[in-house]
Amino acid sequence: MELFVAQIITGLANASSLFLVACGLSLIFGVTRIVNFAHGSLYMLGAYLGYTFMQVLPGALGFWSSILLAGVSVGVIGILVEMLVLRPVYKAPELFQLVATFGVILVIQDIALIVFGPEDLLGPRAPGLRGVFRVMGEPVPKYDIILLVITPIVALALWYLITQTRVGVLVRAATQDREMVSALGVNQAWLFTGVFGLGSALAGLGGALQLPKGGADLLMDFHILAPVFVVVVIGGMGSLPGAYLAAVIISVLNVFAVTYLPQSTLVLMFVVMIVVLTIRPYGLFGREEVAGEHGQVGEPERPIKPASPRVQLLTSVFILLLAMMPIYSASFSLVFTTDVLIFCLFAASLHFLLGLGGLVSFGHAAYYGGGAYVAALLVTHANTPMELAFLLAPLGAGIAALVIGWVCLRLTGVYFAMLTLAFAQLLWSLVFQWGEVTGGDDGIVNIWPSEWLKPTIVYYYLTLLFCVGGILLLRHIAHSPFGYALRAARDSKRQAESTGIDTRKIQLLAFGFAGFMGGLAGALFVFSKGSVFPNELEIARSFDALIVVFLGGVKTLAGGVAGGVFFKGIEDILLKFEYWRLVMGLLIIFVVVLAPEGIVGSLRKGAERLNLIKSKDM
Amino acid sequence: MNGVLKTERLTKTFGGLIAVDDVSLELQKGELLALIGPNGAGKSTCFNMLMGQLKATSGKVYLADEEITDLSPRQVWRKGVGRTFQITATYSSMTVIENVQMALLSHFGDILRFLPRAHLLHREEALKLLDLVGMADQADRHCAVLAYGDLKRIELAIALAHSPMLLLMDEPTAGMSPKERVDLMELTAKIVRDQGVSVLFTEHDMDVVFAHSHRIMVLNRGKLIAEGDAGEIRNNPLVQEVYLGGGTLFTSEVESHA
Ligand SMILES: Nc1ncnc2c1ncn2[C@@H]1O[C@H](COP(=O)(O)OP(=O)(O)OP(=O)(O)O)[C@@H](O)[C@H]1O
Ligand SMILES: [Mg+2]
């Protein structure tokens, strides 16, 4: 009983940063509709800045001022980010802003590396709060008690701000009806900026507050992201009490899990999330999100046509060039091209889902990494011949996609996206923590192809065959009745359902098919590298695919492939530099700001403006 | 009996609001029945319950003597009901003809085919339907660039794709010019005559209603308050009060919906 109480206190204390970061994210989303993936980065900056201030400012007063200062500074950084990066892209197609926030993640990662160095920083203890209190005989760190008190105070202050002040009224109005706010004569741009700043400050505060418990390191941006999304989803997007309750549930359960079931800590929160969402699809305090059919921002998507003879010819020439590559190029460029091809197939499979189906999956790495792990596990544990494992891998990924899709498709929009992300993280944590089977962090090694496929050239042709074949198949299906039905379900679910089209079934099949193709890419990957590690399943990998699809152009069939080539090509050049993330991040932000239609879409528009190609029907 | 559609005490409440209150109506084969009423009377809510977009709070719906009360829109469509929406629902990324082809693909059970090229299938039938509604010359235009009235006509073509026995049209002429309205209603009357379809439609333009419907039912605050032919409705004091109260009997309210 005593231990129990002590653990609950620890859990509540741990909930405090999580809550601060989560409600910042929730607030930003509620008002601006931007899913700020860079929120973890702001949290990380809060920790580093807090640490830096604490080195300068002495004593207890210095400690607490540092935390406040960190919050304020990160708030200012958030305001800068909003004004420089997000403002130009509010008008861009929905979710395109995401890509800009990916860019911000990369930039902040390298800036943190440059400014604060690569070493993990051990957080300073809070002056005067070093010891423990005895609670029913059990030791509880004094700092935990303080956190326990601080969080509800911050929560109450926020609650007061939002429910009792004029600013709060505007924020709430904006959460519900953005047009109304501008009708009230409020400058929407500054409201957005202000809210973004406030949300960022909360993240910074969260980062600084946890310093005595966790310190600061360069991985904390991604590490906080998954729990924060889980908290926001469980609590219900935009709900403060929901975020608090969810943060408490997750943190307390986590403390118990560490004691009683240490293997389950990472997996546990996803299990909780799935349970909650099964009972309450929109989270504990969330309200149903009515997905607007006419909410599509930007230019409506154009009709698709099968490739013209000219394009077909060009494609054939291109494929021929690829096929003859072993003749005119060195073996290392074959290896590189193999990588690019695999990545393009992965991106194309996501594009199929996102572009045609309008289904924004944040967790597509689940199927790519999943396929790779299925193959690797089959080879390692069941001595499966490589050829068979290679074929079973996409099947396994496809089945996983069907199961995950079945759960996620009950929701729409951002909830759907968050849930897919959470499932990908669930797989990642399973692989990470189930070391006996998956090798955990050490991955699975020695997964080579059969003898006859081993030579670089032969494997290159295998990859070429499956990737080009796969991409052409995806394209072909886009033009089939099924592909049309998928677009119909995206354009107008109402009309599709009233003309007998089972939109949910169509979307589920598409999800499974995209998972299958992602798994195929994963299988090609694992046998080309000979090993697989959990990072093939992690958020960053899903983001890679998302960036590529958005940058290439969601609304153009070639978008996935074009983005894939562009991204891999640039990455190959940039990786030679020490601060490649910084350059890459800036580049992404530039493309987002300058070419909001994606690369292919913007090229096409440019060509139309110059009358190089005929614009149809505008 | 040859009733195509029958509702029994159909009711829908939203929280405390009774949007549709105890509505029983019957539609004969080949009949063109207008359901009119001021804004918020419950007309669209009625339609949504008939087609299955909304679940009725209580009451029953029969299609040719078969109960369809709790069926999904998909199932109701399969039984031979087509509908158009007050706020048009078309596939904005497709061409005009592809919008109609979609419905035909569904009707002919082609949706789960992965190999053929969709835009080549059922093109002839789709063209015929477009011709019927006067959109054939715009068949290959991008749907997203069309005028609202054109979208309404595409919706009609879509709704006719599976040769329904019952057509539900929610404000079919909204956003059209007076001439287009007359054309569309004459077309509807022709479809009723030629194909034996029964039509239930709502409309705010009283000229259209009086000129083209066989029978009129008036809904106010969810309740049916009158029923009869054009002359009877025009002279019904209850109806006059409802409409003159709002002052809108003979003027069009349509623009408020576009
Ligand atoms: N989903 C809903 N939730 C709550 N109330 C609703 C909902 N749909 C309709 N209502 C309400 O039900 C009433 C009837 O609405 P309905 O749309 O059926 O009217 P209508 O006769 O079609 O009006 P209009 O001529 O404006 O189209 C209105 O008061 C409306 O506000
Ligand atoms: Mg209506």
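These exercises, each with a worked solution, explore a predicted model.

**Exercise 1. The metal site**

Find which residues coordinate the magnesium ion (ligand 2), and say which parts of chain B they tie together.

Solution.
- Start at the ion. Ser44(B) coordinates the magnesium ion through OG, and Gln86(B) does so through OE1, at 1.9 to 2.0 Å.
- Next, place the two residues. Ser44(B) belongs to helix α1 (residues 43-51) of chain B, while Gln86(B) sits in the loop between β6 (81-84) and α3 (96-107) of that chain, so the pair links parts 42 residues apart in sequence.
- Then check accessibility. The cut-off for buried is under 20% relative accessible area. Ser44(B) has 21%, so this residue counts as partly exposed. Gln86(B) has 19%, so this one counts as buried.

**Exercise 2. An aromatic pair**

Classify the ring pair formed by Phe352(A) and Phe513(A), then locate both residues.

Solution.
- Begin with the total. There are 25 aromatic pairs over all chains.
- Take the geometry of this pair. The ring centres of Phe352(A) and Phe513(A) are 5.6 Å apart, with 70° between the planes.
- Apply the rule. Planes over 60 degrees apart count as edge-to-face. Phe352(A) and Phe513(A) are therefore an edge-to-face pair.
- Locate the partners. Phe352(A) is in helix α15 (residues 331-356) of chain A and Phe513(A) in helix α23 (residues 503-529) of chain A, so the pair ties together parts 161 residues apart in sequence.
- Finish with burial. Phe352(A) and Phe513(A) are both buried.

**Exercise 3. More rings in chain A**

List the members of one aromatic cluster, then identify the charged ends that sit over the rings of Trp190(A) and Tyr484(A).

Solution.
- The cluster comes first. Its members are Phe37(A), Phe102(A), Phe222(A), Phe229(A), Phe362(A) and Phe543(A).
- Now look over Trp190(A). The charged end of Arg87(A) sits over this ring, 4.6 Å from its centre.
- Turn to Tyr484(A). Here the charged end of Arg487(A) sits over the ring, 4.7 Å from its centre.

**Exercise 4. Helix α2 of chain A**

Compare the span of helix α2 (residues 39-56) of chain A with the expected value, and say how covered the helix is.

Solution.
- Take the length. Helix α2 of chain A has 18 residues.
- Compare the spans. From first C-alpha to last, α2(A) reaches 26 Å, close to the 26 Å expected at 1.5 Å a residue.
- Judge the cover. Of the 18 residues in α2(A), 14 are buried, and the helix is mostly covered.

**Exercise 5. Cysteines**

Explain why Cys344(A) has no disulfide bond to Cys467(A).

Solution.
- Check the total. The count is 0 disulfides over all chains.
- Find the closest sulfur. For Cys344(A) it belongs to Cys467(A), 8.0 Å away.
- Apply the cut-off. A disulfide needs sulfur atoms within 2.5 Å, so 8.0 Å is too far for a bond.
- Note the burial. Cys344(A) is buried at 4% relative accessible area. Cys23(A) is buried too, at 1%.

**Exercise 6. Two buried residues**

Place Leu574(A) and Thr188(B) in their helices and name their contacts beyond four places in sequence.

Solution.
- Leu574(A) lies in helix α25 (residues 559-574) of chain A. Its relative accessibility is 8%, so Leu574(A) is buried.
- Its contacts are Trp580(A), Val583(A) and Met584(A). Leu574(A) and Met584(A) are 10 residues apart in sequence and 7.4 Å apart, C-alpha to C-alpha.
- Thr188(B) is in helix α6 (residues 178-195) of chain B. Thr188(B) is buried at 2% relative accessible area, and touches Leu32(B), Met169(B) and Val199(B).

Key: Residues are numbered from 1 along each chain as its sequence is written. Chains are lettered from A and ligands numbered from 1 in the order in which they are written. This is a predicted model: local features need pLDDT of at least 70, side-chain atom pairs count only at pLDDT 80 or more; totals for chains, interfaces and linings use all residues. Side-chain values use heavy atoms; hydrogens and water are left out. Donors are N, O and S atoms within 2.8 Å of the metal (3.2 Å for Na, K and Ca); water is not among the atoms, so sites may look incomplete. Helices (H or I, at least four residues) and strands (E, at least two) are DSSP runs, numbered from the N terminus. Buried means under 20% relative accessible area, exposed over 50%, partly exposed in between (1.4 Å probe, protein chains only). Rings of Phe, Tyr and Trp (its six-membered ring) pair if their centres lie within 6.5 Å; planes under 30 degrees apart count as stacked, over 60 as edge-to-face and the rest as tilted. A charge sits over a ring if NZ of Lys or CZ of Arg is within 6 Å of the ring centre and within 35 degrees of the ring normal. The expected span of a helix is 1.5 Å times one less than its number of residues. Contact means heavy atoms within 4.5 Å.
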